Amino acid sequence: MTPAGTVRAEDLKGKLIAVEGLDGSGKSTQIYLLYRWLTLEKFKVFFTEWNSSVVVKQATKKGKKRHLLTPTTFSLIHCTDFADRYERQVLPLLRAGYIVLCDRYVYTAFSRDAVRGCDRDWVRRLYSFAVKPDITFYFSLPLQVALGRILVGRPQLKYHEAGMDLGLSDDPYESFRVFQGRIKEEYDNMISEFGFQVIDAAQPVESQQEQVREIIQQRIDLPGFRWRGRA
Amino acid sequence: MSSKQFYGTGLPGVDASQLGGALVVIEGADGSGRSTQIALLKDWLERRGYAIENVGLRRSNLVSKELEKAKTGTILGARTLSLFYATDFADQLENKILPALRAGFIVLADRYIYTLMARDIVRGLERDWVKSVYGIALVPDLVFYLRVRPQLLVERNFQKNLTLDYWESGMDIGLSHDLFESFFEYQKRMQKEFLQMQEVYGFKMINGNRAIRSVARDLQMHIEEFLADYPL
């Protein structure tokens, strides 16, 4: 019996592309544009977002709303969400030869959970069933610029988004600043460990997208992923 | 007092050696007499003036309802279900077990990580991975495994529910289309896992094929011994 997740990476016909970066780095815009491009070019492509499993979402929402989560349950419930999308969509589609695009992948958990105080090795082993992406784009931005993009106009920050559960500060904006700074540190430390493809997210949107597409064309044999048999 | 520790990395910010109380776990299949024995133990201990907290699987504030729904409706993958249960466990560990131990309670756990680990391993998840996930768990002071012949389990399950439970029969694994056959095969595999774990984790095997009172007496004897060695 083979459980989901133990398929060898080299047996996967598909390609996995992930984007990571701070809130405000523009990664969601970039992966959206990437998705549009691949779809319009008629490639087999699938897109999935962090924290979006229908089955698990209810519980995550409740936990966050009522502040029931500890660093450990926060970590486990997000991993449950990830596992559900992974077992039901990401892995089967990779086996079927799709290009799978992930808006945030395990590295989001690695950085957030570490900042919340979870043991780094424990978190990494928790997610060890997930295959490494073929390409992970890291949209890198100076902290002040990322903060500025989010904090302009002083929006309502969500409790966990601002890292308020860490007790860094009673002021959500100050908490957000410190929290994001620590997450950036975690991300930056992972660049060489996981071979992130760093994109300078301070550039205009379309030049970033151009670089992303170029890198993908260099590293993935795209024509092999075109739909066949149908016009 | 017994000195406590975690199986692995433990929980951020928690020093296990600072915990008091006692964690007593009863493991065993459905129909092994677990709940009956726990109810008896609770009476027995409370009569002696000990404060008791009960925990069990799928009883967390955080995800118990969602888990119940997931089990009846959409079929989740083995790993997702495993992690869902781990979340449920962690929530009870942090919000029920640890506070109770800090307050000097005896925590009676109606199953613990061993059932969860055995289920996962029987479903094909990697032993090392499962062990690592439950590195957050506290090592109990006592673990009892109520071992009951599968034939007797079947009788008791029919007596109680008039049917065999889908999950306790491992129907999700596809061992057999026949519920009855699947139940036996699944319970056999679970027992095998438990026997293996006994060596690693030092369970006290209790012959659960006997009358309720004989089993209860055994459990009380072990707990009495423990409390004599490690007064709370």
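User: Which residues in α4(A) meet residues in α7(A)?
Analyst: Happy to start there, with the reminder that this is a predicted model. In α4(A) they are A:Tyr107, A:Phe110, A:Ser111, A:Arg112, A:Ala114 and A:Val115. Their counterparts in α7(A) are A:Phe179, A:Arg182, A:Ile183, A:Glu186, A:Tyr187, A:Met190 and A:Phe194. To count as a contact, two residues need C-beta atoms within 7 Å. By class, the residues of this contact of α4(A) with α7(A) are nine nonpolar, one polar and three charged.

User: Why are α4(A) and α7(A) called oblique to each other?
Analyst: Let's set the angle against the cut-offs. Helix α4 (residues 106–115) of chain A and helix α7 (residues 172–194) of chain A pack at about 130°, and their axes are 9 Å apart. Roughly perpendicular covers 65 to 115 degrees, and roughly antiparallel needs over 145. An angle of about 130° fits neither class, so α4(A) and α7(A) are oblique to each other. As for handedness, the crossing of α4(A) and α7(A) is right-handed.

User: What makes α4(B) oblique to α7(B)?
Analyst: Try the test again on chain B. Helix α4 (residues 113–122) of chain B packs against helix α7 (residues 179–201) of chain B at about 125°, with 9 Å between the axes. That angle lies outside both 65 to 115 degrees and the range over 145, which means that α4(B) is oblique to α7(B). The crossing of α4(B) and α7(B) is right-handed.

User: Which residues make the contact of α4(B) with α7(B), and how do they divide by class?
Analyst: From α4(B) come B:Tyr114, B:Ala118, B:Ile121 and B:Val122. From α7(B) come B:Arg189, B:Met190, B:Glu193, B:Phe194, B:Met197 and B:Tyr201. By class, the contact of α4(B) with α7(B) has eight nonpolar, no polar and two charged residues. Tyr counts as nonpolar in this scheme, so B:Tyr114 and B:Tyr201 are placed in the nonpolar class.

User: What makes β2 and β5 of chain A edge strands?
Analyst: Look at the order of the strands. Chain A has an open sheet of five strands, β2-β3-β1-β4-β5, with parallel pairing. The strands β2 (45–49) and β5 (197–200) of chain A each pair on one side only. From one strand to the next, the twist averages 20°.

User: How do you know that strands β1 and β3 of chain A are paired?
Analyst: Count the bridges. Pairing requires at least two of them. Strand β1 (residues 15–21) of chain A is joined to strand β3 (residues 99–103) of chain A by five bridges, and the two run parallel. Five meets the requirement, so the strands count as paired. If you want to see one bridge in the model, look for A:Leu16, whose partner in β3(A) is A:Val100.

User: In what order do the strands of the chain B sheet lie, and how do you know that β4 and β5 of chain B pair?
Analyst: The order in chain B is β2-β3-β1-β4-β5, an open sheet of five strands with parallel pairing. Its edge strands are β2 (52–56) and β5 (204–207) of chain B, each pairing on one side only. Strand β4 (residues 142–147) of chain B has four bridges to β5(B), in the parallel sense. At least two are needed, so four are enough to call β4(B) and β5(B) paired. One bridge links B:Arg147 with B:Asn207 in β5(B). The helix α3(B) packs on this sheet, touching β1 (22–27), β2 and β3 (106–110) of chain B, and its direction makes about 160° with that of β2(B).

User: How do you know that the radius of gyration of each chain agrees with a compact globule?
Analyst: Compare each value with the expected one. For chain A, with 231 residues, a compact globule would be near 17 Å, and chain A has 18 Å, which agrees. For chain B, with 232 residues, the expectation is near 17 Å, and chain B has 17 Å, which also agrees. The C-alpha trace spans about 60 × 45 × 30 Å along the principal axes in chain A, and about 50 × 40 × 30 Å in chain B.

User: How many residues does the contact between the chains take, and which element of chain B gives the most?
Analyst: The contact takes 30 residues from chain B and 31 residues from chain A. On the side of chain B that touches chain A, α3(B) gives the most, with 10 residues. By class, that side of chain B has 15 nonpolar, 10 polar and five charged residues.

Technical notes: Residues are numbered from 1 along each chain as its sequence is written. Chains are lettered from A and ligands numbered from 1 in the order in which they are written. This is a predicted model: local features need pLDDT of at least 70, side-chain atom pairs count only at pLDDT 80 or more; totals for chains, interfaces and linings use all residues. Axes are lines fitted to C-alpha atoms, for helices over the stretch in contact, and angles run from 0 to 180 degrees between N-to-C directions. Angles under 35 degrees count as roughly parallel, over 145 as roughly antiparallel, 65 to 115 as roughly perpendicular and the rest as oblique. A crossing is left-handed if the near helix is turned anticlockwise from the far one by less than a right angle, and right-handed if clockwise. The radius of gyration is taken over C-alpha atoms; the globule rule is 2.2 Å times the number of residues to the power 0.38.
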